[in-house]
Each structure stands twice: as structure tokens, then as C-alpha cells.
Amino acid sequence: MTKTPTNWTGRDDAKVEHMIRRGASRRDLLKMLMASGIGAAAGGSLLLKAGAAVAATPVSGGSIKAAGWSSSTADTLDPAKASLSTDYVRICSFYNRLTVLDETGGIQMELAESVSTDDAQTWEIKLKSGVTFHDGKTLSAEDVVFSLSRHLDEATGSKVNAIAQQMSEISKVDDLTVKIVLSAPNADLPTILALHHFMIIAAGTTDFSTANGTGPFICEVFEPGVRSIATKNPNYFKAEGPYLDSVEFFAISDNSARVNALLSGDIQIAANVNPRSMRMLEGQSAIKTSVTTAGNYTDLNIRLDMEPGSKAEFIEGMKSLVNRELIQKSVLRGMAEIGNDQPVSPANRYYNTELKARAFDPEKAKHHFEKAGVLGAEIPMVCSDAAASSVDIATVMQQSGSEIGMNLKVDRVPADGYWSNYWLKAPIHFGHINPRPTPDILFSLLYGSDAKWNESHYASDKFDSMMIEARGELDEAKRKEMYWTMQEMISNEAGTIIPAYFSNIDGLASNVQGIKSNPLGGLMGFNFAEHVWLDS
Amino acid sequence: MRHKHKPWFLVSQRLGIAFLTLIIVSFAVFFATELLPGDVAEVLLGQAATPEAVAALRESMGLDTPALGRFIGWLLGLAQGDLGTSYVNNMTVAELISGRLSNSLKLAGIVTLVSVPIALTLGIGAAMWQGSLFDRGISILTISVISVPEFMVATLSVLIFAVWLGWLPALSFGADTSSFLEMLRAYAMPVITLSFVVSAQMIRMTRAAVIETINTPYVEMALLKGALRSRMVISHALPNALGPIANAVALSLSYLVGGVIIVETIFNYPGVAKLMVDAVATRDLPLIQSCAMIFCVSYLSLITLADMIAILSNPRLR
């Protein structure tokens, strides 16, 4: 008879489960448990528990209520305009994509039967036959051409206009075949098509007051800023799922109100629980948690084209002054993984496992600051509630700085208008970047010389040419090598300090099953509705 | 002759002023909205707002005409009973508001039904037995209720009644309201929270108004003539205190339509206060203006109603 250690909590269960799904072996896990003082015997029983949760078989039936954290009258069912988690959850329930990413970041076909290419530039997409929209219309190539082409029209207001621009030709070959020609080779197209915004809608759709998709659920009620009710699609094209009869989704913006609603049983899923509320959920037998490190992060951006970031020594000093462990442990309450100043998170299969995070070394930092001649001068860091946890991270930096005579100032500004007024503009400021599925999207969005969101104004010809080369490279091994080098370059040369990759915690009623972590974000990359089932 | 028309003249004057106030408020709201950084196209595109994308979206949404022109257009539409169309989701403002306004009015109505009788009874009672143990108890209670912020009352009641005891649902909207009992359960917590806040004010104002009239010579006269204390208060003092009491009630109730954002957030109750906050966050001018007009109209009508009661209940004006 083995006993569960007394200080073992639901949060630890979730951690172990998360590691199993990320491919950790039994040996790795036991090592981790031993390190935290748990004997092998007790450890074994804990692993069994987590393993059982991973392997259970789904049952059909039941309804749930799930609450996200943000919702307003701007809620939309138009995939192109989707901007908040609430929109993502809804479009995932009502529509499908050509491809989807599974929990390891691998590409799975959804509406596409196959996505193929010889040169990474001209792509042929074969569609599954017999897929129908909720209004009975059959899915054809025209719908796909319409859905993809509309992102190119700026009047659509698409969030992925910049990414879609590389598709120079989108055309119908026959009823179930679409040809996409890219302006330059890009081996990542199948992953790009898995982005939420590239959901497939029926050709000619202009009214988004309801959703006509091919998805697992039919839109029963949609009131922007209030709620949506999704009911099971009886004609869903996949053999498995959905399991639930209906899902009501709305947002409770206040974290404690959301947690209370979960505790009282009024909702079964509370998305994005603040780590501060973990205490309330721990030890509750009716509640469990699901932890995902998808890779969103808050970073400190030092512009390389302005004082004081133009001094290389200053950047070096700042990188050594970040107390990453303190930030991970106290600011983010352990719900984070330590970052090494580059944007590809450990959840990504191209993550450079050999690139170590820089150690916290105030003396070394002081030495660099002295060389740069900035010791004693007041240096403001612009932070805001708009960039999650940035105020706390800035405070930690300020504290570390004051101990070596470095006068860093916490310059806190309002969240309203932060992204248009301070982000990318101030010499030293914080940013917040949401998870992106491929290194190429991250690099071309954030680090290419002409990148739109080049937070530190990093410019390197070598990096730019490697980026283009890697994009068209179909050989996985070569590609990985290039991405590893590029991560190293960013970590050493750019002015972006990425102290930690955030974990996302979702609170669940204990009878909610089937949630796995996903590299596209919490709540299974917002796609939980299709996969979740209720224990009878 | 002129004297006889005086109350009605005063009432119509009040209505005229109310109308003028509405116009002034809508201009003030317009200029305040214009001062906010960013517009609806920038907000919708968020981090993806490049200058070209913003310009294209503005054009497709019809936002490329000057803001003042759009505002005047909205005002003219309003004169014909058209609240306009939301910039953000192309739904008509009337459609967006109708459901949520009825939610807000329902909540406000229930709170009024619960709190006004209680507040008046307690307030008049406290005045009648001024200085008694009952009066002092009421005073301490109301002061403490006024001092506790409503998010505290709301959060604590959720914690106690929904999480620990499990008697009431934590969310009011979307809870099962099929039977009368279920509806009572769903509304219990928001109604109690709001009643706490509004009745404390009303009790204190009512007590003060009644005590003031009790101290006037004519009420003293009634007492000297041998009238019972209850008769003295109810038929001599109360009619004269009616004006100030009506004003206090109106002020407290006007808060219930637009000011209950905290209760709406904590109990996830979709009312107009949250709608207004959303509208401001997305810079959705027609929706902001329409909400502002609703708040203003409800405030003005309550206050005007209270003024009319004061005018009509005043024997010198009647």
C-alpha cells in the first residue's frame, strides 16, 4: 500500500500529467519526483494516477458551461477578425481548419485529405469528400478559396493579413482540390493553415451574426458580450466526437468571480486561472487543474537603435541582471518555465535544448554597466498591466539593480492605449507575445530586419538570409539545425530579454475529461469543446 | 389666475430643462470619447494595426468621414427614434441594448420593490423613536453598510452562500429560472447586495427629513393638541417630508441603472453598465452615446418625478 504524500496537490497531478504528455519517460518523472523529496514507491502510485487520466475512454452526453476571461460587444464569429480567447473557443466549435496541430505540435489533417508540395512553393490541397456545412451545403474547393482569399482584402480587417500575403495565388483545380502558390518557398504552410484565423467558412458568407461552418457544434445562440450556446452537430464528419450535447460559453472577467463560480459548481471549466488563486483550488476534490506551457511570454525590450540600448555592454549587463528563477518562482508562482531570451518555447519541437538561460550574476552585470558608463544614471523601464506581469518583473529588476548601484526606474503607464503608444516605441519597454506555432512565424514577425514587430530593432543580414533559407528547407534535420543557430543568435545579439515562458492554468470540474495541452494555447488551443467529455 | 397654473408651469419648466440637459450631456460624451486615444479600427486590429490595415478597415466601416459629422448624423437619427448601428459588430444599437436594458430594469425593479418599503419603514421608524435604542441601532447599521464597498459585500456573499454553503448559484444569468423559487435563488445575491447599498442611503435621508419636519412649530402644535405620536408623524410631518424623501429615493435608485458595474461583473449579469464599459473600450461611439442617453434619461426622469412629487405635495404650491 502506497500513500500519497501529504503535501501532494491537484496542481502536482497536473504537472505530472503535463510532463507525460510532453513525452517525459517514467524514468524522467521519477527523477523529478525524487528531486522534490518523494520516494519511488509513492512516486509510482502518483504516476499511475496521472497515466490513468491520460488513457481513459470517452463517453457521450451531458452539457457543460465554460467561462473564459474576456468578452465584449466586439466578440465575433468571423474567423478573420477573431482576437480574444473567447472568439477562438467559439470559432473552434463552429468551424474547421484544413489542418490542426496535436498536443506535440505535429500536423494532423482536418478538412484537408492531404497537403503536398515538391518545392515548398506550389502546394496542392486535397479536401475530404462528403463534409457538409451546418446548412446542408457540401464543402468544396470554392469555400476554401473564398475563406483564404478574404484575408488578402484589407477591408476584411483580418488579423493574419500579413501572414496571408505570401499566398500569391489561391485557386480551384477541381471540386476537391485547391492550389496555393506562395511568393517564396515556405515549408511551414501546413502549420500556418492550422492557425485559428484560417478556419473555413462557406463561400460568399458576409453575415457573421451566426456561424455556418462544418464544425462539431452548431451555433444555437450568439450574443456578443453575453454568451453563446453550441449544440452537437449530428452530421459531424469525424468518426469520433463531439461527446457533449451542448456547450454554453461566456466570459467572467474577474478572476475570483470565475474561480468562485467553478467552486460552487455553476461552471465546469474556468479558463486562465490566476496562479494566485491556486490555493483555493488545491485540496478541493471536485476540482482539478490543467497546465499548459504554450509559450506566451512577457519580454523586456531594449531598443538597439536608441540610447542606452545602443551600447552592447548595457544589453549584456541587463541580461545578467535578470533573476529568472525569482521571476519564475515568485512573480509567476512557479507556473512558468525559465526562458533563455529567444522566442521559441520548450513546447515547440524546434526548441534549442542546449541553449542555456543566462545565470543571474549581479557582479558581472555591474562590470558591464561600468564599462557602458551607465551606473548611477536614471534609466526608465516602461511597464503596464497591458503586458501581463510586466510591473512585477520590472520591480524585480529594479531591486536587483539597486543592489549594485544601478538606478532602474519602474515607469508604470495605463493599459489603455499601451500597444499603440509605448510598445515598440519607448527605448526600454515591456511587450507580451502570444504563442505562435512555428519558429518562422515568430522570427519573421519579431526578428527579421523588416519585421513589423521588431521589438528591439534587431537587424542582421545573416539572420535574414538564414530565415529565408530555413523557410524553404524541406529537410527536417537541416531545418532544425538552422533554427537552433537562429535561437542562439537572438539570445546573444537581440535586445529582447525573455525571462520565462508562461504556463496557463485552466480549472476544471473533476468529471471533465479529455483536456490535453496544446502548443496553440490553453483550453487545448481553445479547441476543448470537441474533445471534452463528462465522466458519468 | 397666473397663480393657479403655477405647479404645471413649474413641471413643464422642469421637463424643458431635462431635455436641454440631455443635449448637453450627449455633446460632453462625444468630446470625451474623442479625447480617448485610438479609434474603433485600431482597437479591432489590436497589435495587428498597421497604418494601411487601419485605413482600409476605417474606410470599409465608413469611419473615414469626420467624427463630428457622424455624431450629428447620429443625433438626427435619434430625433427620428433610430439609435444607429454599432461600429463593432454591425448589429443595431437597439438590438444590442434591448435585451440588456430589460435585464437591468428587471434587477433595478426587484431591488426597488425590496429596498424602498424597507428603507422607508426603517427611516420613519427611526425618526419616530428618535434617540431610542432602535434608532441608534439603525444608525450604526446604516453607517457600517455605507462604509463597506459593494464588491466586498458581493464577493463575501458569493463565498459564503455559493461556495461554502452551496445554497445559491454564484452566477445570476444563465442560472435555472424556470420556477419562481429558482428565480428567487438566482436573484437573491445581487438583489441583497444592491439593496444593502441603496437602502442605507435612503434610510438616513428619510430619517433626517422626517426629524426636520417633526421639529417645526406646526407639528409641535399637533402634539400640544394631544395628537398621538404616530398620528403626528404620519399625517402631519410625513406629507411635508415627502419632497426630500422622494429626492433621496430617486437619487439612490438612479444609481441602479448605470452604476452597478461591480455587481454585473461579479454575478456575470449582462446589463447596460457592462455594455457601456465595453462600448468605451472599443470606442463604439453610437453605443456609448445610446448608453449615456439611457443613463441620463433614467436619472433625469427619476429626479424630475421626485421634483414633481415635491411640487405637488407642497400645499403652498398646490
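# Exercises on a predicted two-chain model

Of the 318 residues of chain B, 38% count as buried, a residue being buried if 20 or more other C-beta atoms lie within 10 Å of its own, exposed if 12 or fewer, and partly exposed in between, with C-beta atoms placed from the backbone. The model is predicted, and local features need pLDDT of at least 70, side-chain atom pairs count only at pLDDT 80 or more, while totals for chains, interfaces and linings use all residues. Residues are numbered from 1 along each chain as its sequence is written, and chains are lettered from A and ligands numbered from 1 in the order in which they are written.

**Exercise 1. Describe the secondary structure and the extent of chain B.**

Step 1: Begin with the elements, where helices (H or I, at least four residues) and strands (E, at least two) are DSSP runs numbered from the N terminus; chain B has 13 helices and 0 strands.

Step 2: Then take the extent, for which the C-alpha trace of chain B spans about 85 × 65 × 35 Å along its principal axes.

Step 3: Finally look at the contacts in chain B, where two residues are in contact if their C-beta atoms, placed from the backbone, lie within 7 Å; of those with a separation of 6 or more, 72% are between residues 24 or more positions apart.

**Exercise 2. Work out which parts of chain B touch chain A.**

Step 1: Count the residues on each side: 42 residues of chain B are in contact with 34 residues of chain A.

Step 2: Find the helices, since H2 (40–45), H3 (51–60), H7 (150–164), H11 (261–266) and H12 (272–281) of chain B each supply at least two residues of the side that touches chain A; the largest share, 6 residues, comes from H3(B).

Step 3: Sort this side of chain B by class, which gives 24 nonpolar, 13 polar and 5 charged residues. Here Ala, Val, Leu, Ile, Met, Phe, Trp, Tyr, Cys and Pro count as nonpolar, Asp, Glu, Lys and Arg as charged, and the others, Gly among them, as polar.

**Exercise 3. Trace the open sheet of 4 strands in chain A.**

Step 1: Write down the order, which is E4-E5-E7-E6 with antiparallel pairing; two strands pair if DSSP finds at least two bridges between them.

Step 2: Identify the edges, which are E4 (112–117) and E6 (167–174) of chain A, each pairing on one side only.

Step 3: Examine one pair, E5 (residues 122–127) and E7 (residues 177–182) of chain A, which run antiparallel and are joined by 5 bridges; A:Glu124 stands opposite A:Lys179 in E7(A).

Step 4: Add helix H5 (residues 141–149) of chain A, which lies across E5, E6 and E7 of chain A and runs at about 170° to E6(A). Axes are lines fitted to C-alpha atoms, for helices over the stretch in contact, and angles run from 0 to 180 degrees between N-to-C directions.

**Exercise 4. Follow chain A from strand E15 to strand E16.**

Step 1: Locate E15 (residues 378–384) and E16 (residues 407–413) of chain A, which pair in the parallel sense over 7 bridges, with A:Ser384 opposite A:Val413 in E16(A).

Step 2: Follow the chain from E15(A) through helix H13 (residues 390–403) of chain A to E16(A), a β-α-β crossover that is right-handed; this term applies if, with the strands pointing away from the viewer, the path from the first strand over the helix to the second runs clockwise.
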